[in-house]
Amino acid sequence: MNKVLQLGLQSSVVQAAKFLVVVPFRSLRFGSSIVSVRVGTSSFNKRLMSNATAKSVPLSINNIKGKPVKGSDNDIEAMTVQELRATLRQAYEPFLLHVERLCNHVTMFFFFLQCRKLGLPVKGLKKELISTLKLHMDNSSPDESSGAEKMETTSSTLSESVTIKRKTRNQEEADDDYYGNDNGEKKVKQSTEKNLKVKVSSKEEEASLTIVVSSSNQSEPWTVLAHKKPEKDWKAYNPKTMRPPSLPEGTKSVKIMTWNVNGLRALLKLESFSALQLAQREDFDVLCLQETKIQVKDVEEIKKSLIEGYDHSYWSCSVSKLGYSGTAIISRIKPLSVRYGTGLSGSDHDTEGRIVTAEFESFYLINTYVPNSGDGLKRLSYRIEEWDRTLSNYIKELEKTKPVVLTGDLNCAHEEIDIYNPAGNKRSAGFTIEERQSFGENVLEKGFVDTFRKQHPGVVGYTYWGYRSGARKTNRGWRLDYFLVSESIAANVHDSYILPDVNGSDHCPIGLILKL
């Protein structure tokens with residue numbers, strides 16, 4: 001992914017130090033950060049879009065207590081690469097050591113790191129090293145120094161300010177985004193922001209460095225590719241740029257949304273953004289909810305909170321464990337019929353309120369909350385050998401009558417692209433090889449299409465981020481929520497999308513626009 005570098009140089013009257021070092025400023029790669037350098041009062045901007053297109057831009061830095069490198073051009077040309085590097089190190093070392101004496105260790109680490117990236121590292125082709133050394137010699141000559149000193153007598157004291165913005169994280173290298181609706185989560189260190197200020201001064205010059213560690217994408221972290229093992233052609237999902245234009249007016253369609261709300265009561269109380277506001281913003285026709293966590297006795301009260309126009313709601317609540325699981329379909333289109341569970345006699349699958357099915361004119365809509373395999377994978381066997389097979393048989397039976405749309409929290413990140421840290425979660429519920437194989441065998445290989453992946457084959461888009469790990473701020477997530485459709489209507493899908501900006505749960509809503 002291209003990194004963007006902004007360089008602002010402002011120059012007016014410059015107070016010279018003992019000599020001036022001019023180094024080539026090649027391209028920088030600071031993640032999603034912005035680097036800004038300011039000197040004086042007037043400015044210009046240069047954008048470097050990638051390493052491939054970056055050009056050299058001169059950057060001036062005051063060297064403190066340095067010594068000019070002496071020698072003719074011929075002497076420099078005759079140097080080996082090793083000799084050139086050693087000479088440049090010797091020239092830069094006094095400046096770095098002077099700063100180091102005045103900095104704490106943390107500040108010096110960031111400063112030294114940035115100096116290395118700003119051209120101070122003596123690396124590159126021989127011709128680049130020669131060019132740098134010649135510039136160093138030219139700018140540290142007695143004539144230029146004395147000229148600068150004359151300027152000093154007619155100007156105010158120079159104040160240099162270098163601001164470097166960069167996002168840094170303290171994170172565990174192991175399983176730092178462990179999924180756990182039902183099986184817990186590992187704690188990780190939270191992302192931090194630091195403001196590090198260093199004042200470097202001597203009798204003859206004063207320089208001020210400000211290093212601000214922050215992110216330029218804090219408000220939209222999902223737009224930054226976050227994956228521990230990305231392939232070269234993968235991109236981050238951005239709903240602002242990756243959604244198709246609206247359907248032409250008059251096109252017959254239905255807009256369905258699904259959301260694991262992780263407790264409906266709490267969500268309805270939110271002032272910042274609630275399920276009701278989602279309806280106003282998205283104007284959906286049907287909303288499917290999972291993990292409502294309400295009891296049968298609460299349903300009528302909850303119905304009173306629904307926005308006007310969505311008069312048809314159908315609720316399935318857990319009776320085996322109160323305040324657990326639960327699904328619902330809320331619609332402004334009245335379905336032809338509604339059923340709860342799989343309808344299998346004597347089945348344990350239907351006691352936890354995990355399935356509601358609504359029949360519409362041209363398709364069946366199944367809203368499901370697939371069981372999590374649990375802490376220590378205690379329910380893995382039940383999940384893949386019983387639940388997945390039963391659900392597969394159920395949807396295939398319905399499909400004999402009309403096409404099926406299967407949606408909800410399916411509790412499986414099917415491929416490595418669907419999870420931030422695949423290597424660290426191979427035995428985590430939701431990403432075990434058994435669950436992923438079962439997902440393929442019981443759904444996809446039975447003729448159902450993953451609509452988001454079909455529309456965005458190389459796009460990293462997540463729908464779940466763990467609360468305690470602070471994963472949402474850094475987009476370290478999982479894609480666990482899906483719209484799967486019968487192959488016969490896959491071509492009718494206009495848009496399958498994610499709304500990562502909607503908070504209120506550890507999952508975000510996803511949507512489907514289906515032409516009828």
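**Notebook: salt bridges, cores and helices**

Started with a long-range pair: D501 forms a salt bridge with R281, and their closest N and O atoms are 2.9 Å apart. I looked up where the two sit. D501 is in the loop between strand 21 (493-498) and strand 22 (510-515), and R281 is in helix 8 (residues 275-282), so the pair ties together parts that are 220 residues apart in sequence. I also checked how open each end is. D501 is partly exposed, at a relative accessible area of 32%, and R281 is partly exposed too, at 39%. Note to self: this is a predicted model.

**Other salt bridges**

I asked for the total next, and the count comes to 24 salt bridges. One of them joins K240 to E220, with 2.5 Å between the closest N and O atoms. This pair links distant parts of the chain: K240 belongs to helix 6 (residues 239-242), while E220 is in the loop between strand 8 (206-213) and strand 9 (235-236), 20 residues apart. Is K240 buried or exposed? K240 counts as exposed, at 66% relative accessibility. E220 counts as partly exposed, at 23%.

Then I pulled up E415, which forms a salt bridge with R453; their closest N and O atoms are 4.0 Å apart. E415 lies in the loop between strand 17 and helix 11, and R453 lies in helix 12 (residues 451-455), so this pair ties together parts that are 38 residues apart in sequence. E415 is partly exposed at 33% relative accessibility. R453 has a relative accessible area of 11%, which is under 20%, so R453 counts as buried. Which residues share a network with E415 and R453? Salt bridges with shared partners join E415 and R453 with D418, D450 and R479.

**Whole chain**

I stepped back for the overview. The protein chain has 13 helices and 22 strands. It runs to 516 residues, of which 54% count as buried. I also looked at contacts with a separation of 6 or more: 77% of them are between residues 24 or more positions apart.

**Cores**

Which residues touch the most other members of the largest nonpolar core? They are L365 and V405, in a core of 56 residues. I listed the contacts of V405, skipping its neighbours within four places in sequence: F363, Y364, L365, I366, F483, L484, V485, I489, L512 and L514. Apart from that core lies another, of 19 residues, with I355, Y364, L391 and V404 among them.

**Helices 10 and 11**

Helix 10 (380-399) came next. It has 20 residues and reaches 27 Å from first C-alpha to last, close to the 28 Å expected at 1.5 Å a residue. Where is the kink in helix 10 centred? The centre is W387, and the kink is about 30°. W387 is also one of the buried residues of helix 10, which include L380, Y382, R383, I384 and D388 towards one end of the list and Y394, I395 and L398 towards the other. I noted what covers them: the cover includes strand 14 (337-340), strand 15 (355-359), strand 16 (364-369), strand 17 (404-409), helix 11 and strand 18 (448-450).

Helix 11 (residues 433-442) got its own look. E435, R436, S438, F439, G440 and N442 are buried there. Their cover includes helix 10 and strand 20 (481-486).

**Positive phi**

I checked two residues other than glycine that have a positive phi. S325 has phi near 55° and sits in the loop between strand 12 (312-316) and strand 13 (327-331). S325 counts as buried, at 2% relative accessibility. L377 has phi near 60°; its place is the loop between strand 16 and helix 10. At 15% relative accessibility, L377 counts as buried as well.

**Cysteines**

Last lookup of the day. How many disulfides does the structure hold? Zero. I still checked two cysteines for burial. C317 counts as buried at 10% relative accessibility, and C508 is buried with a relative accessible area of 0%.

Terms used
Residues numbered from 1 in each chain as written. Predicted model: local features only at pLDDT ≥ 70, side-chain atom pairs only at ≥ 80, totals over all residues. Heavy atoms only, no water. Disulfide = S-S within 2.5 Å. Buried < 20%, exposed > 50% of the residue type's maximum accessible area, 1.4 Å probe, protein only. Core = buried A, V, L, I, M, F, W, Y, C linked by side-chain atoms within 4.5 Å. Contact = heavy atoms within 4.5 Å. Helix = DSSP H or I, 4+ residues; strand = E, 2+ residues; numbered from the N terminus. Expected span 1.5 Å × (residues − 1). Bend = angle between axes of the 7 residues up to and from the residue. Salt bridge = Lys/Arg side-chain N within 4 Å of Asp/Glu carboxyl O.
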